[in-house]
Amino acid sequence: MKTIKILLDFLAGPIWKPYYNSKTNKDSTGVDVVDNDEEIAKLNDEIQDLYSSYYYFDYNGQACYFDEKQERADKDKMLSLLNKLNNRLNEINDGSFIVDDRETERVRAL
């Protein structure tokens, strides 16, 4: 059984894709039902765009700046998106994977 990890990182999207599919030339979770779901892909991209928007480069004399204030301001929006993502993963789960959500509690605690 595979594990689908939900972790936020710059330009990575919340769903970690540790495998490379040479047929599609894309990263993959290794779980076809997840990799091929359009709603999952849309939510993954939306969450990635929101989280990545908190990063600034060469900003105020810093090489990399993370806007924690904006992340806190967007807390409810991010929690809503993470909830939708988890709900969709639960809907399509055919028993071939488990979800390891490492972000919802972190965001909730902001």
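Trainee: Why is Glu91 called exposed?
Mentor: Glu91 has a relative accessible area of 59%, and exposed means over 50%, buried under 20% and partly exposed in between (1.4 Å probe, protein chains only). So Glu91 counts as exposed. This is a predicted model, where local features need pLDDT of at least 70, side-chain atom pairs count only at pLDDT 80 or more, and totals for chains, interfaces and linings use all residues. Residues are numbered from 1 along each chain as its sequence is written, and side-chain values use heavy atoms, leaving out hydrogens and water.

Trainee: What makes the contact between Glu91 and Arg88 a salt bridge?
Mentor: The term asks for a side-chain nitrogen of Lys or Arg within 4 Å of a carboxyl oxygen of Asp or Glu. Here the N to O distance is 2.8 Å, so the pair qualifies.

Trainee: And why is Arg88 called buried?
Mentor: Its relative accessible area is 18%, which is under the 20% limit, so Arg88 is buried.

Trainee: How do you know that Asp37 and Arg88 form a salt bridge, and what does the pair tie together?
Mentor: Their N to O distance is 2.5 Å, so the 4 Å limit is met. Asp37 lies in the loop between α1 and α2 and Arg88 in helix α4 (residues 75-92), so the pair ties together parts that are 51 residues apart in sequence. Helices (H or I, at least four residues) and strands (E, at least two) are DSSP runs, numbered from the N terminus.

Trainee: Which residues are linked in a network of salt bridges?
Mentor: Asp37, Glu39, Arg88 and Glu91 are.
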